[in-house]
Amino acid sequence: MHNREAFDKTNQQHYGGRRGRCKGNFRSHFGEAFAGGFRGAPWGEGLRKRMAGHKSVNISETADHYRLSLYAAGLKKELFSISVSDDVLTIQYQPQAEEASGTFLHEEYQPVAFKRSFQLNGKVLTENITAAYTDGVLHVTLPKNPEAHQPSQEIKVA
């Protein structure tokens, strides 16, 4: 039995509201476009690449530096490019074109190129920026510029 047929037969369920209760499997009622990870949909490939190219970032702050943590598991650290130009930090990733080593029964992950940029607003000593890639997270340490850094202040609402 083909893998997709096995999935369809084992995922029989009831879904929908009281009046519109359907019996059967999701794929037969809503089509290949949605149940198959958007395969076959004309807009599916672009959507998949756009979503894969967005990498989540957390930014934290200590007394002397900012820390940017970009979540990018499964990538090669030597293919990252980090640059600063006109007070904008840019992080890029460009995967190498690799030959397919075989066919997949199911494929959800492909390394794709991405680019993220962050405005520094003069608050960072750009010549002292450091980066490390460990456990699927790119950590970029941005030392604060003591001349530009002013502590936040409380403003009372009248």
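# Exercises on a predicted fold

The chain has four helices and nine strands, in a model that is predicted. Along the sequence, these elements follow the pattern α-β-β-α-α-α-β-β-β-β-β-β-β. Of the 158 residues in the protein chain, 25% are buried. Have the structure open and work through the exercises below.

## Exercise 1: The open sheet

Task: Work out the order of the four strands in the open sheet and state which of them stand at the edges.

Solution.

Step 1. Start with S3 and S4, which pair in the antiparallel sense over five bridges. A hairpin of three residues connects S3 to S4. For a residue-level check, find Ile-59, which stands opposite Leu-68 in S4.

Step 2. Move on from S4 to S9: seven bridges join these strands, which run antiparallel. Here Tyr-71 stands opposite Val-137 in S9.

Step 3. Now look at S8, which is joined to strand S9 (residues 137-143) by five bridges, again antiparallel. Val-137 in S9 is the bridge partner of Thr-134.

Step 4. Put the pairings together: the order is S3-S4-S9-S8, and the sheet is open. S3 and S8 each have a single partner strand and stand at the edges, so one side of each is left without a neighbour in the sheet. On average, neighbouring strands of this sheet are turned by 15° against each other, direction ignored.

## Exercise 2: An aromatic cluster

Task: Classify the ring pairs Phe-80 with Tyr-133 and Tyr-93 with Phe-114, and decide whether their residues are buried or exposed.

Solution.

Step 1. A pair of aromatic rings is described by the distance of the centres and the angle of the planes. The structure holds four aromatic pairs, and two are treated here.

Step 2. For Phe-80 and Tyr-133, the centres are 5.1 Å apart and the planes make an angle of 50°. Because planes under 30 degrees apart count as stacked and those over 60 as edge-to-face, this pair is tilted. Phe-80 belongs to strand S5 (residues 80-85) and Tyr-133 to strand S8 (residues 130-134), so the pair links parts of the chain 53 residues apart.

Step 3. Phe-80 has 13% relative accessibility and counts as buried. Tyr-133, at 17%, counts as buried too.

Step 4. For Tyr-93 and Phe-114, the centre-to-centre distance is 6.0 Å and the angle between the planes is 15°, which makes the pair stacked. Tyr-93 is in strand S6 (residues 88-93) and Phe-114 in strand S7 (residues 114-119), with their positions 21 residues apart in the count. Tyr-93 is buried at a relative accessible area of 3%, and Phe-114 counts as buried at 5%.

Step 5. To finish, view the four residues together: Phe-80, Tyr-93, Phe-114 and Tyr-133 form one aromatic cluster.

## Exercise 3: Into the nonpolar core

Task: Which residues have the most contacts inside the largest nonpolar core, and which elements give two or more residues to this core?

Solution.

Step 1. The largest nonpolar core has 19 residues, and those with the most contacts inside it are Phe-80, Leu-89, Ile-91 and Val-140. S4, S6, S7 and S9 are the elements that give two or more residues to this core.

Step 2. Take Leu-89 and set aside residues up to four places away in sequence: the residues it touches include Leu-68, Ile-82, Phe-118, Ile-129, Val-140 and Leu-142.

Step 3. For the wider chain, consider contacts between residues at least 6 apart in sequence: 46% of them join residues at least 24 apart.

## Exercise 4: Two sites to compare

Task: Describe where Ala-63 and Ser-81 are found, and whether each is buried, partly exposed or exposed.

Solution.

Step 1. Ala-63 sits in the loop between strand S3 (57-61) and strand S4 (65-71). With a relative accessible area of 76%, Ala-63 is exposed. Its C-alpha atom is separated by 9.6 Å from that of Pro-143, which is 80 residues apart along the chain.

Step 2. Ser-81 lies in strand S5. At 34% relative accessibility, Ser-81 counts as partly exposed.

Step 3. Beyond its neighbours within four places in sequence, Ser-81 is in contact with Thr-90, Ile-91 and Gln-92. Ser-81 and Lys-115 are 9.3 Å apart, C-alpha to C-alpha, and 34 residues apart in sequence.

Methods:
Residues numbered from 1 in each chain as written. Predicted model: local features only at pLDDT ≥ 70, side-chain atom pairs only at ≥ 80, totals over all residues. Heavy atoms only, no water. Phe/Tyr/Trp six-rings, centres within 6.5 Å; stacked < 30°, edge-to-face > 60°. Buried < 20%, exposed > 50% of the residue type's maximum accessible area, 1.4 Å probe, protein only. Pairing = 2+ DSSP bridges. Axes fitted to C-alpha atoms, helices over the stretch in contact; angles between N-to-C directions. Core = buried A, V, L, I, M, F, W, Y, C linked by side-chain atoms within 4.5 Å. Contact = heavy atoms within 4.5 Å.
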